[in-house]
Every structure is written in structure tokens, then in C-alpha cells.
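Me: Please take a close look at one part of this model, the contact between the two chains, and describe how it is built. Add whatever else helps to place it in the chain.

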There are 2 protein chains.
Amino acid sequence: MRQNNLLATTLREAPAEAETINHQLLLRAGYIRQLAAGIYTYLPLGRRVLRKIENIVREEMDVAGAQEMLMPSMQPAELWRESERYEVYGKELMKLRDRHEREFVLGPTHEEVITSLIRGEISSYRKLPVTVYQIQTKFRDERRPRSGLMRGREFLMKDAYSFDTGWEGLDKTYARMYKAYQRIFERCGLSYRAVQADAGAIGGEGETHEFMALSSIGEDTIAVCPACDYSANLEQAEVYSGEEDMLRKTDSLPAAVKFHTPGIRTIAQLEQELQIAPEQVIKTLIYQGGGQTFAVLVRGDHEVNEVKVRNFIGASEIALADARAVQAAAGVENGYVGPVGLSLPVLVDRAVAAMTSGTTGAGEKDYHFSGVVPGRDFILSQVGDFRTAQEGEHCPVCGKGVLHFHQGIEIGHIFKLGTKYSDKLGASFLDATGRSKPMIMGCYGIGISRLLAAVAEQNNDEQGLIWPMALAPYKVHILQLSVKDEVQRSTAEALYKQLIELGIETLLDDRDERAGVKFKDSSLIGIPVAIVVGKDAGEHKVEYMDRRLGSKEVMDIAEALSRVASGQI
Amino acid sequence: MRQNNLLATTLREAPAEAETINHQLLLRAGYIRQLAAGIYTYLPLGRRVLRKIENIVREEMDVAGAQEMLMPSMQPAELWRESERYEVYGKELMKLRDRHEREFVLGPTHEEVITSLIRGEISSYRKLPVTVYQIQTKFRDERRPRSGLMRGREFLMKDAYSFDTGWEGLDKTYARMYKAYQRIFERCGLSYRAVQADAGAIGGEGETHEFMALSSIGEDTIAVCPACDYSANLEQAEVYSGEEDMLRKTDSLPAAVKFHTPGIRTIAQLEQELQIAPEQVIKTLIYQGGGQTFAVLVRGDHEVNEVKVRNFIGASEIALADARAVQAAAGVENGYVGPVGLSLPVLVDRAVAAMTSGTTGAGEKDYHFSGVVPGRDFILSQVGDFRTAQEGEHCPVCGKGVLHFHQGIEIGHIFKLGTKYSDKLGASFLDATGRSKPMIMGCYGIGISRLLAAVAEQNNDEQGLIWPMALAPYKVHILQLSVKDEVQRSTAEALYKQLIELGIETLLDDRDERAGVKFKDSSLIGIPVAIVVGKDAGEHKVEYMDRRLGSKEVMDIAEALSRVASGQI
């Protein structure tokens with residue numbers, strides 16, 4: 001490709017709203033442009049990288065035995081009502097009506113469509129297992145689209161769905177997809193981790209893993225144990241229970257004491273003004289969700305993990321009660337709520353249950369209790385792991401290692417769905433004995449466009465992008481420094497022609513621009529190898545630059561050519 | 001691929017709503033499934049054919065110098081207001097609102113998006129010309145989706161857009177795209193014709209051609225001259241004017257005579273009851289459009305061509321006035337309307353202007369005039385070509401050949417848009433002298449999914465589909481007649497393995513089905529070559545079937561292998 005014709009205007013500065021490196025660089029280097037919030041056009045350079053990712057994904061899906069198909073974006077709303085997700089999905093679901101006022105959604109995912117298709121196509125165990133996939137545009141009306149391609153409202157996904165006759169079959173399919181995911185992310189040159197995760201709105205009964213590209217801009221925190229290789233999304237990470245499950249004697253403890261605490265409503269105030277350590281405080285939070293109002297107790301130095309709470313009570317959404325609801329439910333304002341005498345269901349975190357005694361709100365304005373004993377002063381009927389793990393705590397699996405935290409970008413997610421959708425949508429089969437059973441499903445997603453952004457986020461320096469060879473829009477960038485110099489021109493043209501004939505994707509900078517501009521743009525665009533045809537062209541010399549190594553070497557054209565032709569670049 | 005695992009259930013009968021051959025066969029052979037009216041899922045076989053078409057289109061677009069990009073489906077409604085198409089496009093435009101109540105459309109085409117993008121990227125003649133394309137899902141809320149993929153509401157398109165500095169540049173770009181289209185349709189094995197066409201809602205000032213796959217189910221009629229190769233969409237086909245433009249003497253003709261015609265309101269009645277030949281009748285039709293009400297006069301044996309009328313008056317839509325509007329405008333009901341004394345603008349078809357005299361409504365209930373002389377009894381201020389050409393008429397270009405009619409499926413459409421969008425959306429550039437000028441645009445579409453349907457419609461017999469090799473989902477179909485016969489099994493497996501190693505896309509029918517079922521399904525699916533491994537497998541013999549030739553030949557396995565490996569299949 002000749003750069004003079006390439007639709008790829010480079011920008012000196014990224015628009016102010018671009019806060020992350022990948023967003024800034026993909027805009028500045030001419031890979032993408034925003035059309036509306038969270039909605040992007042891929043310019044030719046961006047489209048090329050996208051296609052390379054698509055092809056890697058396609059190859060590995062095919063190797064894993066998945067069959068490519070293509071499902072529609074427009075999905076009848078009835079299907080989503082049948083699966084009971086029409087309401088659950090909430091405002092993220094894009095909805096529209098056709099000219100006959102029939103309701104449709106724009107698919108954010110395709111469980112409904114594929115399950116209803118398969119129920120019509122397959123009725124016997126003999127046609128199972130089957131795994132299908134598609135690479136397709138998805139729509140999700142994010143409340144806050146951000147970071148360019150990272151969290152968009154229209155984006156490219158690979159989604160796959162598997163149908164097995166039983167859980168053993170699903171285990172095998174799941175393992176095969178897990179491995180395919182590893183190969184895909186390795187081929188894309190990503191630094192990533194697979195972590196245990198929460199199933200979220202997709203749901204399902206079984207195991208689920210997220211694949212996380214490690215990055216400081218990641219919205220997810222992942223907890224990793226260096227000793228046993230345990231890794232989990234912090235939403236999901238269990239808390240080490242080794243020290244907490246002790247038995248306590250409570251008989252001989254003194255009764256709780258109420259004391260006057262006007263204006264003291266926070267853990268920080270208790271610590272600063274009354275010298276009570278946060279780990280001695282029982283924090284009482286009122287939540288609503290799943291049609292009920294309930295309290296969650298955690299230690300003052302701990303945080304409620306809402307995902308754990310949500311999963312425990314089996315609600316799709318939970319939220320902190322607002323001031324009015326707190327007053328109504330607990331009879332007192334926030335800051336003085338406490339478990340003693342509270343007439344609400346109470347979820348008690350294990351660390352609270354393990355406390356000998358603690359300080360907590362007295363359920364009366366301007367008063368706290370000290371010396372409150374869990375199990376004596378309030379009931380411990382629902383004790384569990386309701387808090388977020390903390391960095392430096394012991395690993396919940398091996399108990400030896402100490403958890404480290406990383407930030408991660410979710411680039412893939414695989415789920416064992418089980419029968420969640422096959423039950424609701426009636427996808428069943430006859431087994432070898434003629435009995436009808438629901439199919440056992442799995443689903444497997446990769447954010448293709450987000451993956452592009454994650455690779456860009458991981459591969460750059462202050463000058464611009466640095467593509468891994470497998471995803472680079474072009475493998476070689478020829479910089480012809482002066483378009484007016486006939487020797488340079490003919491040398492660059494000959495080299496370009498040779499590379500094209502060798503089938504090496506090459507971009508020739510034939511623009512009438514200053515050398516400085518060409519060097520800058522080349523670094524910004526981030527093609528792995530640049531061959532500079534400059535003033536030494538007459539002596540058949542070029543400069544060979546490796547963007548990844550940051551190296552520069554003057555060499556004979558023949559050597560540069562053989563180096564790129566060898567395929568070892 | 002092993003057929004036992006392939007998601008491709010064949011059906012004995014197509015659903016009743018499938019009326020066309022392609023729709024029936026694509027459903028029966030397991031290529032597509034309907035999700036909603038005009039909305040289809042591509043099963044693995046269908047996806048494979050689709051990808052082959054995509055790749056041919058991509059290769060030819062790249063050769064033609066077009067750059068691939070990818071634009072969003074969700075487009076801000078403001079952009080469509082800016083181009084003044086938001087209302088014009090009417091109900092076919094799918095509309096939705098996001099969570100913030102901002103209006104979007106789902107792109108049926110991308111002139112607005114690309115023009116607004118280019119205005120921001122290119123400001124100098126030095127970056128022009130540029131041609132970009134994308135292969136992308138489009139949405140169009142068809143009033144009557146039909147014929148499967150032929151006229152869908154969600155479909156796959158290749159759309160390309162070119163930007164030149166002047167009309168000469170556009171002419172060159174247009175010619176290059178025209179040639180690329182010819183190569184694409186030839187490679188897809190289509191019987192087609194390029195015809196002059198009408199620009200429709202896309203609009204534009206210049207030339208436009210449709211590429212029509214010839215087929216009896218085509219919704220378009222095309223007029224072709226065998227003598228000079230003139231071909232045009234009937235909407236657009238001009239009428240030969242050689243015999244009509246004569247001068248007439250009207251002075252000596254007798255005055256028009258009013259006569260009583262109670263209950264006679266149609267051309268057919270005039271002919272049957274009063275023996276007046278239709279070519280002696282002047283038909284007067286009242287239309288509305290472009291903000292006005294007007295009459296169109298054609299001969300009784302001719303039909304008004306509404307496209308020609310619409311283009312003449314410069315309206316985006318016109319329609320016949322309803323009974324009430326006719327009464328209001330002409331003072332009489334339909335059937336007695338006539339041009340004499342009519343106080344409306346009147347468009348007179350050339351054939352009417354050339355009549356010596358004729359019979360027509362008298363503008364009074366139950367009366368007609370005979371002997372009405374055009375130009376004497378009513379004014380000939382707006383004479384033009386307002387009728388539809390008829391088969392057997394002389395060619396409007398060479399005047400010698402006689403027009404033949406064919407039915408065609410529109411599979412491609414190319415337009416010289418000129419400045420229609422660049423003016424409205426402000427896409428201008430500075431020329432070499434520093435003057436600002438609007439870019440001169442072209443746009444170029446191919447219906448990828450419709451092309452698939454057109455190829456299926458042209459290539460089949462009573463047993464099923466017959467794919468051209470370039471588009472076939474697999475090139476070779478191995479039929480292992482008995483899965484219980486160990487010799488057949490090992491022979492078929494060995495052959496399958498060899499073909500896969502040779503890189504030949506092969507489908508192995510390893511299903512536990514009767515031989516008859518396998519033969520039937522193979523013919524239905526339509527893979528070009530089938531190799532039957534049956535009872536002669538022990539003697540290393542197979543049957544080699546060519547679906548296209550309908551031939552069968554028993555031969556050594558080695559010969560069958562070398563035949564498919566030679567690449568000459």
C-alpha cells in the first residue's frame with residue numbers, strides 16, 4: 001500500500017476525552033474514529049488489525065472443532081421474554097420496533113437465538129455434541145461507554161455456544177475451548193491470565209473463567225496466589241477461612257454497653273475520635289434486592305462483596321438502600337444502624353462471626369454499642385463469605401501463598417451454562433434409551449475489538465504503537481525520505497515491488513513530507529520493521545529499524561531484503 | 001468436516017412460505033434458517049458460501065485500489081437530517097433511541113457516515129482520489145420481505161464510496177469499479193447483465209448502472225437490444241422516438257365531438273363496447289407528488305413510467321391521486337377525466353403528442369370527447385418520455401434492434417453521486433490553486449447475501465443445488481455408503497485424510513444413514529464432486545460423480561484422487 005493513498009491521517013494530539021493510552025494512540029495513528037459515544041469506525045489500518053485477530057480466532061475455533069455460522073443482530077423480543085432476560089438485562093439491551101410495531105432487540109449476545117435454533121435442528125444424542133461460533137457485531141447500551149474500543153456500545157465479538165449430552169461432555173468441550181483461548185491470546189502476543197469469575201447476567205450453574213489482559217487501566221481486579229497459581233476475579237475471590245473458623249467462648253463476656261456518640265457516623269470517625277480500631281467495628285449495611293431488604297455485616301476494615309451477596313441470595317441485582325429506605329427498615333439513620341434488635345434478615349460475614357466482641361451502631365440516633373458479642377447479642381443464622389478479599393491475605397486454596405492484586409481487562413469469558421437456557425427454551429434431545437433430556441450448554445466469548453485495544457494498551461512507548469508481528473497492519477514500512485530524490489525514489493520503489501512479490505505486507509511512505517514527519521508517523525503507526533531509504537541509497541545502503549527492539553542498523557539493501565524475506569522478523 | 005458433526009439438518013419439504021427455488025433449496029439443504037420475517041441465520045454451510053463470496057469481493061476490491069474499513073451500524077439520526085434523508089427514506093429506515101433518548105438509525109447504507117468522516121480526514125487534493133469499502137450488515141425495514149435472502153430486512157452488503165477531485169477522476173474510478181464488478185460476478189459463476197438504471201433514494205446527478213442476475217424470479221424487468229447491446233432497467237429504458245417526432249397539420253381537422261358514454265370508464269370498455277382501439281385513446285392520470293397535483297397523458301395502450309415522471313418533476317415520491325383528490329383536482333371522477341379544459345399542469349407523453357387526434361374523457365360525468373387534437377384542444381407545453389417501453393419496440397439507441405425483455409435480480413448497483421452528499425455534508429477540499437471545491441463522489445454496492453441467493457437460483461435442478469466450484473461450501477463430498485462395513489470405513493477415512501492433507505475442502509458423510517438418504521442429501525447440498533465409497537471399496541474402486549455434469553464414473557481410488565488433486569475439477 002502506498003501511504004499517499006492510505007486513509008490514515010495521523011494527529012498530533014488526541015481529543016481530550018481519550019484518557020487511556022490505547023484510545024489516544026489508536027486515534028492519533030489513524031486506526032479508528034469515533035462516530036458517537038462508544039461507536040467507532042475502523043479506518044483501513046484498524047480494519048487490517050481487526051481482520052488479523054478475526055483470522056487467528058477463526059483458525060483456533062476451527063481447530064477446536066467449532067463450526068462457524070452467522071446469526072442476526074435483530075432478535076425478536078419474544079425470545080428474550082421466553083428466556084426471562086428481557087427485563088433482567090435492563091437498559092443495556094438496545095430495543096426497537098419495526099414498521100409493524102413488533103418488538104426487537106439488538107443482540108448483545110446470542111444464547112436465545114442459538115438455543116431456539118438448536119431445539120429445532122437437533123433431537124437426538126447422535127447429533128451431539130456440537131459447538132458453533134460466529135464473529136459478529138454486538139450492541140450493548142453501556143451507561144458509560146469509555147476508553148475507546150475498550151467499552152463500546154457497538155463492538156465486534158466472537159461468541160461460541162456448545163451443546164453436549166451431559167456434564168462430562170461439557171467438561172471436555174470447555175477444556176478444549178479453554179486451550180483454544182490460550183492459543184489465541186498467545187498468538188496475539190498478550191500478557192494475560194485466566195481467572196475464576198462470576199457468571200453475571202449470562203448466568204449458569206457451573207464453572208466460569210475470565211481471560212484478563214494485564215493492564216493498569218483494567219476495570220477488573222484479579223487476585224493471584226504466586227504459590228499455587230490460584231487466580232480469580234476479585235468479585236469472586238474467596239477469602240481464606242483458616243483463621244476465622246475458631247470456636248469461641250462467649251459465656252463469660254460482659255454485656256454490651258451503650259454509649260453516646262453524637263455526630264459520629266463513620267468508621268473513620270470512630271477510629272479518629274474514639275480510638276476504636278476498624279477491625280473492632282461491626283459495619284452494618286442495609287441492602288435491597290431480590291424483592292427484600294436485608295442487612296450485611298462486615299468488619300470495619302473489610303468491604304462488602306456485592307457479587308457474593310447477590311449470588312448468595314439469588315438476586316440478579318442488589319443495591320445499597322437509600323437514606324429513606326434505611327430509616328424505614330432499621331428505624332434509624334445510616335451511621336447508627338446495628339444488628340442488635342434488628343428485625344431484618346442479616347447476612348454475617350465469617351470475619352464478623354469470628355469476632356469475640358465489637359463496636360456497632362445501637363439502632364438509636366447518636367448512640368453506639370461496644371462489647372457486642374456475635375451469636376449472643378444477635379443471631380448467626382446466615383454466616384458466609386460476604387466480603388472482598390484483600391491484597392496480602394492468605395490464598396483461599398493453598399493457605400500458604402499471599403494474594404497479589406493485578407488490574408485486568410476482560411478479553412474473554414467462558415461459561416458452563418448447564419441447562420439454564422435449554423430448560424427455558426426447551427432444547428432437549430432423546431438419549432440412547434429414548435429419554436428426553438435438556439442439552440448441557442456452554443458459551444464462550446472473546447471481545448475482538450476490545451482485544452485490539454488491549455494489545456495496543458500493552459504494546460506501545462512514548463512514540464506510539466508497537467504491534468506484535470502477528471497483528472501488525474503491515475509487516476514492513478518503507479520510508480522514502482525524499483520524494484524528490486530520484487535515486488531514493490527508484491530504490492524505494494524497487495524494494496517495495498520486491499517485498500510485494502514476496503507476499504510481505506508492506507506500506508510505502510511515498511508522501512511528499514519531511515523526513516522528520518515520516519519518522520514520527522512511522523513510530524506512531526507502529527509497524528514492526530521500518531526500512532529507511534535515505535541519502536545512502538546511492539550506495540545501496542538502507543537503515544533497518546526494529547520498532548520492537550528500538551534498534552537501528554545501516555546495511556546493504558540485499559541484506560535488509562533477505563532479513564525480512566527470511567520470515568524471521 | 002465430518003457430516004455427523006455438521007449442523008446442517010436437511011428437510012424433505014420446505015416451509016410453505018418459501019416460494020422461490022433458492023429459498024426452498026437453501027432451507028431444505030440446511031444453509032439458512034429464518035429467525036423473523038426477512039431475518040436469517042446462516043448455518044455452517046451457508047456461512048461458508050458467504051465467506052467465499054466475501055473473499056472474492058474483497059480480492060477484487062483490493063485489486064481495484066479500494067481500501068477496506070468498517071463503519072458502525074448505529075448512526076446518529078442528526079447525520080441523516082443533515083443529508084435530508086431522514087424523512088425521505090421513510091419507513092424502511094430502522095430507528096431506535098438509546099438510554100439517553102438520543103435518536104439513531106440502523107444504517108441501510110453509509111453515505112452519511114463516510115462523507116462526514118472524509119470531511120474530517122481529507123482537506124487537500126493531494127490526498128485524493130480515495131476509494132474505501134466495507135463488508136457489513138445492513139438494515140432495511142422492507143414492507144414485504146420475501147424470497148428468503150433475496151429481499152431481507154437484515155442483510156450483508158459490500159458498499160464502497162469514492163472521492164475524486166473532479167468528474168474526470170470519478171469517470172475513471174467508476175470504470176474501474178465497473179470492471180471489478182464484472183470480475184466478481186464472473187468469478188461467482190453468475191449469468192448477469194449490466195444495465196442503465198435509476199438512482200432512486202441514493203440519488204445523485206450522474207450515470208448509474210445495475211448489475212442484474214438473469215432469473216425468472218427477478219423483480220426487475222430489463223430491456224435489452226440484441227443489435228447494439230443497449231440494456232436498461234425497464235424503469236429507465238427510453239422509448240424509441242424515431243417515428244413519433246413528426247410534424248402534424250392540425251388546421252384542417254374537424255372539431256372534437258362530445259358523446260354520451262354512461263358507465264364507460266376504462267380503456268377496455270371503450271374498446272369492447274365502442275370499438276375504439278386503445279392506441280386511439282388518450283389516457284389521463286392524476287398524480288400527486290413534489291407538493292403538487294398534475295396530470296400525465298399516455299396513449300391507451302401505453303403505461304405511465306412513474307420513475308420517468310418522478311425524475312422529470314424532481315420529486316422523491318409520486319403516487320396516483322385517490323378518488324377524492326381526483327374529484328377535487330379535475331372536477332369529475334376517474335374514468336371521465338380528460339385534458340381539455342383541465343386546470344392542472346399536464347405532462348404529455350411523446351406518443352400522445354404525436355397523435356393526430358384521439359378519444360378521451362370529457363371532464364364531465366358519463367361523457368367522452370372524440371377527435372381531440374393534441375396541441376389544438378390542449379396545450380403541449382411539457383412533452384416528454386413518460387411511458388414504459390414495450391417489448392418488441394425499436395431500440396432507443398440504435399433504432400434498428402428490437403427490444404427483448406428479461407427478468408433480473410439486482411445484485412449490484414453503482415452510482416455517480418457527484419456532489420449530492422459532499423455539498424450537504426460539507427466534504428470539500430482545496431485544489432492545487434487553493435480554492436475550495438466539493439469532492440466528487442461515487443458509491444458502489446453489492447448485496448452479498450442476495451448474491452448467494454441469486455447463484456442458488458441460477459444453479460440447481462430438481463434434486464437440489466449445484467454450486468459453482470468457486471462458491472461451493474466444500475469441493476468434494478465423500479459418501480461412505482455403509483458405516484458398518486469396515487473396508488468402506490477405512491477406505492473413506494483414508495481418502496478423507498488424503499484430501500484434507502492436500503488442502504481440498506472435503507465433507508465426509510460418515511452418518512449412520514441409508515445409502516439412499518446419503519445420495520439424496522448429497523444432491524440437495526450440491527457439492528460439485530462426490531466420491532462414493534461403496535461395495536467396490538475392496539477392489540479400490542469408487543464412483544466419481546460430477547454434480548454439474550450429472551455424470552457418474554467408476555474408477556480406481558487413485559484416479560479419483562488425482563483428478564480432484566489436479567485442481568481441474
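Reply:
**The contact between chain A and chain B**

In this predicted model, chain A and chain B bury about 5200 Å² between them, and carbon and sulfur atoms give 56% of that area. On the side of chain A, the three residues that supply the most are A:L70, A:R99 and A:E121, which together make up 14% of the area that chain A buries against chain B. The contact draws on 58 residues of chain A and 59 residues of chain B.

Polar and charged pairs cross the contact as well. Eight salt bridges are counted between chain A and chain B. One of the residues in salt bridges is B:E121, whose partner is A:R33, with the closest N and O atoms 2.5 Å apart. The count of residue pairs in polar contact between the chains, both residues being at pLDDT 80 or more, is 20. Among the elements of chain A, α2(A) gives the most to the side that touches chain B, namely five residues. By class, that side of chain A holds 29 nonpolar, nine polar and 20 charged residues.

The two copies are related by symmetry. A turn of 180° with a shift of 0.0 Å along the axis lays chain A on chain B with an RMSD of 0.1 Å. This is the relation of a two-fold axis. Within chain A, the C-alpha nearest the axis belongs to A:L96, at 2.7 Å from it. Both copies use the same surface, since 100% of the contact residues of chain A recur in chain B.

Next, the domains of the chain. Chain A is divided into domain 1 (21-204 + 414-456), domain 2 (257-384) and domain 3 (474-565). In chain A, the C-alpha centres of domain 1 and domain 3 are 41 Å apart. Contact between these two domains of chain A involves seven residues of domain 1 and five residues of domain 3. The area they bury between them is about 610 Å², with 55% of it on carbon and sulfur atoms. A:L45, A:R48 and A:K52 supply 58% of what domain 1 of chain A buries against domain 3 of chain A, more than any other three residues.

Two salt bridges are counted between domain 1 and domain 3 of chain A. A:K52 forms a salt bridge with A:E505, where the closest N and O atoms are 2.6 Å apart. Four residue pairs are in polar contact between the two domains of chain A, both residues at pLDDT 80 or more. On the domain 1 side, the elements giving two or more residues are α1 (21-28) and α2 (44-63) of chain A. The largest share of that side, three residues, comes from α2(A). Four nonpolar, no polar and three charged residues make up the side of domain 1 of chain A that touches domain 3 of chain A. Thus α2(A) gives the most to the side of chain A that touches chain B, and α2(A) also has the largest share of the domain 1 side against domain 3 in chain A.

Some backbone details remain. Most residues other than glycine have a negative phi, and most peptide bonds are trans. The peptide bond joining A:L128 and A:P129 is cis, with omega about 0°, and A:P129 is found in the loop between α4 (111-121) and β7 (130-139) of chain A. In chain B, the bond from B:L128 to B:P129 is also cis, with omega near 0°. A:E84 has a positive phi, near 65°, and lies in the loop between α3 (77-82) and β5 (94-97) of chain A.

Note on methods. Residues are numbered from 1 along each chain as its sequence is written. Chains are lettered from A and ligands numbered from 1 in the order in which they are written. This is a predicted model: local features need pLDDT of at least 70, side-chain atom pairs count only at pLDDT 80 or more; totals for chains, interfaces and linings use all residues. Side-chain values use heavy atoms; hydrogens and water are left out. Copies are superposed by least squares on the C-alpha atoms of residues with pLDDT of at least 70 in both. Contact means heavy atoms within 4.5 Å. Domain bounds come from an automatic or database domain assignment. Buried area is the accessible area (1.4 Å probe) that two parts lose on being put together, summed over both. A salt bridge is a side-chain nitrogen of Lys or Arg within 4 Å of a carboxyl oxygen of Asp or Glu. A polar contact is a pair of N or O atoms within 3.5 Å; within protein, one must be able to donate a hydrogen and the other to accept it, and residues adjacent in sequence count only if both atoms are side-chain atoms. Helices (H or I, at least four residues) and strands (E, at least two) are DSSP runs, numbered from the N terminus. Ala, Val, Leu, Ile, Met, Phe, Trp, Tyr, Cys and Pro count as nonpolar, Asp, Glu, Lys and Arg as charged, and the others, Gly among them, as polar.
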